[in-house]
Amino acid sequence: HPDISSGEKIIVDQRGGIRGASPSIGAYDPNTSYHFRTRADGNWTANNVWQIKGLGLDDPWNNTALSPTSINAASVTILNSVAVNTNIAVAKTTIEDNALLTVNIGRTFTINNTPRTDLDVQGTLNVLGSFTAGGYSLVDISGTVQNFGTFTANNSTVAYSGGNQTIDNQTYNILQLSGDGTTKTFADGIT
């Protein structure tokens, strides 16, 4: 912590974190990266769906009206049923087991490239709109894809790594299949 006698300005945010600059008490900076996770079912932009925490290991989870974007989210974890009701780009997103991410018709969900798995589908992904895998992103599917919608692969890798799975009918840049003793069923027209 800063030494008060040194004349440094001390600002405490609503998480109790000491900050050297704005935001002041009670505000989150929408241009700073946080971890996001869902706390309820609902639309991506709803103000009662998300919790947020700082990047520190001991930072607490707090309810927030912010929704994750490529600017403010270091990671996103889907624990509930969430519908993408706006065009959105994020990175490092995990759909946990028993969770559902639906991309609504007319909406685009973009996963940006990071140095790790960019979209980890352990639960269910249902794209009724569009899904773009940005850059050299990695999409790891150990769960279920109900629908891939309109898929833009760019230079991405899509890895089906779960048990018995049906491979969606899409044009993939790189398609990886794994899982000992499992069956991968190909839809017609896969390239």
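## A core and the strands around it

Of the 35 residues in the largest nonpolar core, those touching the most other members are Trp 44, Ile 78, Leu 101, Phe 109, Leu 119, Phe 131 and Phe 148. Strand β7 (residues 73-78) supplies the largest share of this core, with 3 residues. Please keep in mind that we are looking at a predicted model.

Leu 101 is a good place to start. Setting aside residues up to four places away in sequence, Leu 101 touches Trp 44, Ile 78, Val 82, Val 84, Ile 95, Phe 109, Thr 124, Leu 125 and Asn 126. Trp 44, Ile 78 and Phe 109, three names on that list, are also among the core residues that touch the most other members.

Thr 124 gives the view from the other side of one of these contacts. Thr 124 sits in strand β14 (residues 124-127). With a relative accessibility of 18%, Thr 124 falls under the 20% limit and therefore counts as buried. Beyond its neighbours within four places in sequence, Thr 124 is in contact with Ile 95, Ala 99, Leu 100, Leu 101, Thr 144 and Gln 146. Ile 95 thus appears in the contact lists of both Leu 101 and Thr 124.

### The chain as a whole

Now let us step back to the full chain. The secondary structure comes to 22 strands and 0 helices. The protein chain has 191 residues, of which 41% count as buried. The chain exposes about 9300 Å², and carbon and sulfur atoms supply 46% of that area. Among contacts with a separation of 6 or more, 28% are between residues 24 or more positions apart.

### Parallel strands

One open sheet has 4 strands, paired in parallel in the order β9-β12-β15-β18. Its edge strands, each pairing on one side only, are β9 (88-90) and β18 (150-152). On average, neighbouring strands of this sheet are turned by 15° against each other, direction ignored. Within the sheet, Ala 89 stands opposite Thr 110 in β12.

Strand β19 (residues 157-160) has parallel pairings of its own, with β16 and with β21. Val 158 of β19 stands opposite Val 139, and in β21 the bridge partner of Val 158 is Leu 175. The table sets these pairings beside the one between β9 and β12.

| Strand pair | Residues of one strand | Bridges | Direction |
|---|---|---|---|
| β9 and β12 | β12: 108-111 | 3 bridges | parallel |
| β16 and β19 | β16: 138-141 | 4 bridges | parallel |
| β19 and β21 | β21: 174-177 | 4 bridges | parallel |

Which way do the residues of β19 point? Thr 157 and Ala 159 point one way from the strand, Val 158 and Tyr 160 point the other way, and all are buried. In a regular strand, side chains alternate between the two faces of the sheet.

### His 35 and Ser 75

Our last stop is His 35, which lies in strand β3 (residues 34-38). Is His 35 buried or partly exposed? Its relative accessibility is 22%, so His 35 counts as partly exposed.

His 35 and Ser 75 are 40 residues apart along the chain, yet their C-alpha atoms are separated by 4.9 Å. Their side chains are joined by a polar contact of 2.5 Å. Outside its neighbours within four places in sequence, His 35 is in contact with Gln 51, Ile 52, Lys 53, Gly 54, Leu 55, Trp 61, Ala 74 and Ser 75.

Definitions and conventions. Residues numbered from 1 in each chain as written. Predicted model: local features only at pLDDT ≥ 70, side-chain atom pairs only at ≥ 80, totals over all residues. Heavy atoms only, no water. Helix = DSSP H or I, 4+ residues; strand = E, 2+ residues; numbered from the N terminus. Buried < 20%, exposed > 50% of the residue type's maximum accessible area, 1.4 Å probe, protein only. Contact = heavy atoms within 4.5 Å. Pairing = 2+ DSSP bridges. Axes fitted to C-alpha atoms, helices over the stretch in contact; angles between N-to-C directions. Areas by Shrake-Rupley, 256 points an atom, 1.4 Å probe, with all protein chains shown as cover. Core = buried A, V, L, I, M, F, W, Y, C linked by side-chain atoms within 4.5 Å. Polar contact = N/O pair within 3.5 Å; in protein donor to acceptor, adjacent residues only side chain to side chain.
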